[in-house]
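Subject: Structure handover

Hi there,

Here is the structure I promised to pass on to you. Have a look at it first, and then read on for what turned up.

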Amino acid sequence: MKKILIGLISVALLSGCKVELAPTVNLSDVNSETAKTIQSKLVVEVMSCADYKDSRKESSDVTDAKEAISNIFTDAKYIECYREKMDSKALFEIPITVGGKDETGDIQIRNGGFGGGMIVLLSDNLRSKIQQEQKNSFSKFEPSVQITVINDLDKNQDIVVHGVLADAKYYLPYSWYQLVAGEAQTFKLSDVSVLAITKHGGALVYEDYDKRYQIKKE
């Protein structure tokens with residue numbers, strides 16, 4: 001029994017800590033040349049929400065998650081811990097930047113400029129903090145990004161996605177997609193895109209179809 005317990009603890013320590021950035025953004029803000037700050041969800045998967053000895057107390061996993069997230073995001077706000085199906089998750093809110101003509105903030109979602117569309121950027125300072133926290137932690141972070149885009153413009157927008165999961169379907173790079181006016185669409189970025197963001201500081205999510213066509217035509 002003792003060997004089994006030690007084995008389970010070892011697996012828990014070696015397994016990755018799943019961390020998902022899940023912002024909701026307006027298309028008009030993404031395309032704006034004026035940057036604005038919004039609050040984004042940050043979800044951290046934990047072993048349990050409550051202490052196994054006293055359910056009135058939070059678990060050590062939640063306490064550790066709070067510490068790790070606050071070390072990386074100084075303005076992070078802990079919201080709650082909840083259970084979703086078989087998984088326990090600690091929910092935080094962090095400020096991110098949406099829109100803007102130039103790079104600004106630690107996490108920025110803005111128009112790609114060349115070819116329009118959307119890019120996600122991570123500052124060198126934040127990437128350094130993440131790497132340092134991973135060195136200090138027993139487990140490695142397994143990051144993911146899920147962006148909900150609300151098309152608050154007056155018309156549908158045709159885009160070319162660069163490998164995303166949407167409508168329970170994976171769209172290969174350079175696939176056509178339409179953002180319907182007045183509706184929200186959630187894009188889960190591919191592992192390749194997330195790796196590009198965390199390792200190299202940015203990734204292209206999609207391009208504006210019409211602008212991309214004009215550029216190619218030229």
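A residue counts as buried when its relative accessible area is under 20%, as exposed when that area is over 50%, and as partly exposed in between. Please keep in mind that this is a predicted model.

Let me use that scale straight away on a salt bridge. The side chains of Lys89 and Glu84 meet in one, with 2.5 Å from N to O. Lys89 has a relative accessibility of 16%, so this lysine counts as buried. Glu84 has 39%, and therefore its label is partly exposed.

**The overall picture**

The protein has 218 residues, and buried ones make up 40% of them. Its secondary structure consists of six helices and twelve strands. About 13100 Å² of the protein is exposed, with carbon and sulfur atoms supplying 52% of that area. If you look at contacts with a separation of 6 or more, 61% of them are between residues 24 or more positions apart.

**The core**

Which residues have the most contacts inside the largest nonpolar core? They are Val25, Met118, Ile147, Phe187 and Tyr206, in a core of 45 residues. Strand 5 (residues 87-98) gives this core its largest share, five residues.

Val25 is a nice place to start browsing. Setting aside residues up to four places away in sequence, Val25 touches Val30, Ile38, Val98, Ile109, Met118, Ile147, Thr148, Val149 and Ile150.

Ile109 also turns up next to Ile119, a residue of strand 7 (residues 118-122). Between Ile119 and Ile109 there are 5.8 Å from C-alpha to C-alpha, and the two are ten residues apart in sequence. Ile119 is buried because its relative accessible area is 14%. Beyond residues up to four places away in sequence, the residues that Ile119 touches are Gln108, Ile109, Arg110, Asn111, Gly112, Ala203, Leu204 and Val205.

**More salt bridges**

How many salt bridges does the structure hold? The count is five, and the Lys89 and Glu84 pair is one you have already met. Here are two others that I would pull up on screen.

- Glu20 and Lys188: the closest N and O atoms of this salt bridge are 3.0 Å apart. The pair links distant parts of the chain, with Glu20 in strand 1 (residues 17-22) and Lys188 in strand 11 (residues 184-189), 168 residues apart. Glu20 counts as buried because its relative accessibility is 18%, while Lys188, at 27%, counts as partly exposed.
- Asp29 and Lys36: here the closest N and O atoms of the salt bridge are 3.5 Å apart. Asp29 sits in helix 2 (residues 27-31). With a relative accessible area of 15%, Asp29 is buried, whereas Lys36, with 37%, is partly exposed. Apart from neighbours within four places in sequence, Asp29 is in contact with Lys36, Val98 and Gly99.

Val98 therefore appears twice in this message, so to speak: among the residues that Val25 touches and among the contacts of Asp29.**The disulfide**

The structure has one disulfide, and it joins Cys49 to Cys81 with 2.0 Å from S to S. The torsion about the S-S bond of Cys49 and Cys81 is about -80 degrees, so the disulfide is left-handed. This pair, too, links distant parts of the chain: Cys49 lies in the loop between strand 3 (36-46) and helix 3 (60-72), and Cys81 lies in strand 4 (residues 77-84), 32 residues apart. As for another cysteine, Cys17 counts as buried because its relative accessibility is 17%.

**A patch on the surface**

Finally, where is there a nonpolar patch, and which residues form it? The patch is on the surface and is formed by Leu165, Tyr170 and Leu172, which together have about 290 Å² of accessible area. Leu172 belongs to strand 10 (residues 169-179). Is Leu172 buried or exposed? At 55% relative accessibility, Leu172 is over the 50% cut-off, so this leucine counts as exposed.

Best wishes, and happy browsing!

Technical notes. Residues numbered from 1 in each chain as written. Predicted model: local features only at pLDDT ≥ 70, side-chain atom pairs only at ≥ 80, totals over all residues. Heavy atoms only, no water. Patch = residues over 30% accessible without salt bridge, like charges linked within 9 Å, V, L, I, M, F, W, Y side chains within 5 Å. Areas by Shrake-Rupley, 256 points an atom, 1.4 Å probe, with all protein chains shown as cover. Salt bridge = Lys/Arg side-chain N within 4 Å of Asp/Glu carboxyl O. Helix = DSSP H or I, 4+ residues; strand = E, 2+ residues; numbered from the N terminus. Buried < 20%, exposed > 50% of the residue type's maximum accessible area, 1.4 Å probe, protein only. Disulfide = S-S within 2.5 Å. Contact = heavy atoms within 4.5 Å. Core = buried A, V, L, I, M, F, W, Y, C linked by side-chain atoms within 4.5 Å.
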